[in-house]
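Here is a short briefing for a first look at this structure. Keep the model open while you read.

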Amino acid sequence: MRNITNNSKIIFHIDMNAFFASVAQIKKPYLKGKPFAIGREYGTRGVLSTASYEARKYGIHSAMSIVEARRLLPSLIIVELSHKEIQYYHEIFVNVLGEYSKLVEVASVDEAYIDVTEKSNVMHPIDIAKEIQNRLLNDYSLPCSIGIAPTLFLAKMASDMKKPLGITILRKREIQDVLYPLSIKEVYGIGKKTYPSLIKNGIETIKDFMDPLNSKLIIELIGENQYKSSYNCLIGKSTAIVDPNRYDKNKSISTESTFDASLRFQTDIIFVAKDMLKKVYKRMVLDNYITKTITLVLRDVNFITKNRSKSMEYTKDFNELYYALLELINDNYNDEEIRLVGVGLSNLILETELPQDYNLFNYLTFEEKSSNIDDLLNHFKDKYGNEIISKGMKKKN
């Protein structure tokens with residue numbers, strides 16, 4: 001049966017289509033076919049967490065302010081969803097996937113990866129995908145798109161290509177034909193505050209990004225770490241391991257706080273997140289661990305949670321972790337009111353477990369790391385003032 005990707009892993013990325021809108025229609029059937037969005041039902045402040053496909057035809061989208069959405073469509077229906085309702089249908093979604101494989105990795109409330117390599121020995125991957133898609137839609141009124149590929153990154157890219165209710169296969173040998181013509185802003189992991197600078201400098205498509213002649217320019221724009229990571233992912237050299245326990249407590253250190261009054265400014269997020277990073281960093285160093293992944297969690301007043309991670313070479317460099325945290329904030333905070341912030345370090349191993357010839361500073365030179373950090377800090381200083389943010393950890397007197 002396994003004739004799609006030869007002997008490669010067969011990974012699905014399941015992306016629920018307008019998940020919050022789908023749940024809203026289940027709870028309020030009168031919404032079907034109407035333009036509506038999820039947000040504060042009786043408020044004028046705040047932003048939308050998502051919009052129905054009917055509303056998107058008017059230019060309404062997630063992270064748009066309610067005021068702007070009302071301007072585009074005065075008759076827009078805005079409804080609220082409780083965290084309990086969202087969680088209930090999230091668990092249905094994950095439980096269905098669990099019937100096809102033990103290897104299910106939840107990426108967020110509305111997306112997950114599943115390794116169906118073993119199942120594909122007795123059932124064609126396309127048939128598996130169709131069955132999952134049909135079950136979620138027909139039994140639970142939850143539409144989804146599915147990407148099929150040999151790595152997690154490529155599966156994620158594939159699932160974004162056909163929405164709603166799409167099934168897309170992306171083989172490594174098809175990368176140039178399928179991905180290269182796409183806009184650089186379609187690359188998963190290149191943030192919406194990063195790709196405009198690439199486009200401005202002539203890196204408009206994935207083909208432009210992959211051209212070796214452009215590598216020096218791209219590194220100057222986004223840093224060598226980001227460049228190498230995205231480049232390797234785009235040639236199919238990224239993880240094919242679906243890890244249900246990727247964020248287990250025994251592999252990570254994290255902390256989070258819920259605030260009585262919502263945080264309204266990016267500077268507030270930065271101050272809070274940096275303090276949290278200091279706490280988890282101290283715990284990591286005290287236990288002689290090093291880390292490969294930093295995670296930022298943001299939950300807004302509508303209980304919509306963003307859980308975003310950034311991976312790098314193993315490090316115990318606070319400034320490098322801080323730089324990655326700033327990138328996550330810069331790319332994922334959209335001026336919404338935040339009630340919960342969390343920071344975590346994962347993929348931890350003991351420093352003694354590294355190969356003897358491994359250099360914790362061999363991925364980027366100290367000067368390159370310091371330059372990347374300073375560039376981003378200067379961006380925030382230009383925006384908020386010289387005293388707003390600093391590098392490193394201050395020593396207590």
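Asp15 sits in strand β1. The model is predicted. Asp15 is buried, because its relative accessible area is 7% and buried means under 20%.

**Around Asp15**
- Leaving aside residues up to four places away in sequence, Asp15 touches Asp110, Glu111, Cys144, Ser145, Lys156, Ser159, Asp160 and Lys163.
- How far apart are Asp15 and Asp160 in sequence and in space? They are 145 residues apart in sequence, and their C-alpha atoms are 7.9 Å apart.

**The protein as a whole**
- The protein has 14 helices and 13 strands.
- Of its 397 residues, 49% count as buried.
- Take the contacts between residues at least 6 apart in sequence: 66% of them join residues at least 24 apart.

**Helix α1 and its cover**
- Is α1 mostly covered or mostly uncovered? It is mostly covered, with 7 of its 9 residues buried.
- Those buried residues are Phe19, Phe20, Ala21, Ser22, Val23, Ala24 and Gln25.
- Strand β1, the home of Asp15, is among the elements that cover the buried residues of α1.
- The cover also includes β2 (36-38), β3 (50-51) and β4 (77-79).
- Helix α4 is another part of that cover.

**Where α1 meets α4**
- Helix α4 spans residues 83-98.
- The axes of α1 and α4 come within 10 Å. They cross at roughly 105°.
- Angles of 65 to 115 degrees count as roughly perpendicular, so α1 and α4 are roughly perpendicular to each other.
- On the α1 side, the residues in contact are Phe19, Phe20, Val23, Ile26 and Lys27.
- On the α4 side, they are Glu85, Ile86, Tyr89 and His90.
- By class, this contact has 6 nonpolar, 1 polar and 2 charged residues.
- Phe19, Phe20 and Val23 thus appear twice here: they are buried residues of α1, and they meet α4.

**The second largest pocket**
- The second largest pocket holds about 320 Å³ of space.
- It is lined by 16 residues. Ser22, Gln25, Tyr53, Ser141 and Pro143 are the closest to its centre.
- Which elements give two or more residues to this lining? They are α1 (19-27) and α2 (53-56).
- Helix α1 gives the most, with 4 residues.
- The lining divides into 8 nonpolar, 6 polar and 2 charged residues.
- Ser22 and Gln25 link two topics: both are buried residues of α1, and both are among the residues closest to the pocket's centre.

**Helices α10 and α11**
- Helix α10 covers residues 215-222, and helix α11 covers residues 224-234.
- How do α10 and α11 pack, by angle and by distance? Their angle is about 120°, and their axes are 7 Å apart.
- The two helices are therefore oblique to each other.
- Ser215, Ile218, Ile219 and Ile222 are the contact residues from α10.
- They meet Glu224, Gln226 and Tyr227 in α11.
- This contact is made up of 4 nonpolar, 2 polar and 1 charged residues.
- In α11, the buried residues are Glu224, Asn225, Gln226, Tyr227, Ser230, Cys233 and Leu234.
- Glu224, Gln226 and Tyr227 are buried, and they also meet α10.
- Just after α11 comes Gly236, with a positive phi of about 90°.

Key
Residues numbered from 1 in each chain as written. Predicted model: local features only at pLDDT ≥ 70, side-chain atom pairs only at ≥ 80, totals over all residues. Heavy atoms only, no water. 1 Å grid on protein atoms, 1.4 Å probe; cavity = no way out; pocket = protein on both sides within 12 Å on 5 of 7 lines; lining within 4 Å. Points joined across faces, edges and corners; volume = space filled by probe spheres on them. Nonpolar A, V, L, I, M, F, W, Y, C, P; charged D, E, K, R; others polar. Axes fitted to C-alpha atoms, helices over the stretch in contact; angles between N-to-C directions. Parallel < 35°, antiparallel > 145°, perpendicular 65-115°, else oblique. Contact = heavy atoms within 4.5 Å. Buried < 20%, exposed > 50% of the residue type's maximum accessible area, 1.4 Å probe, protein only.
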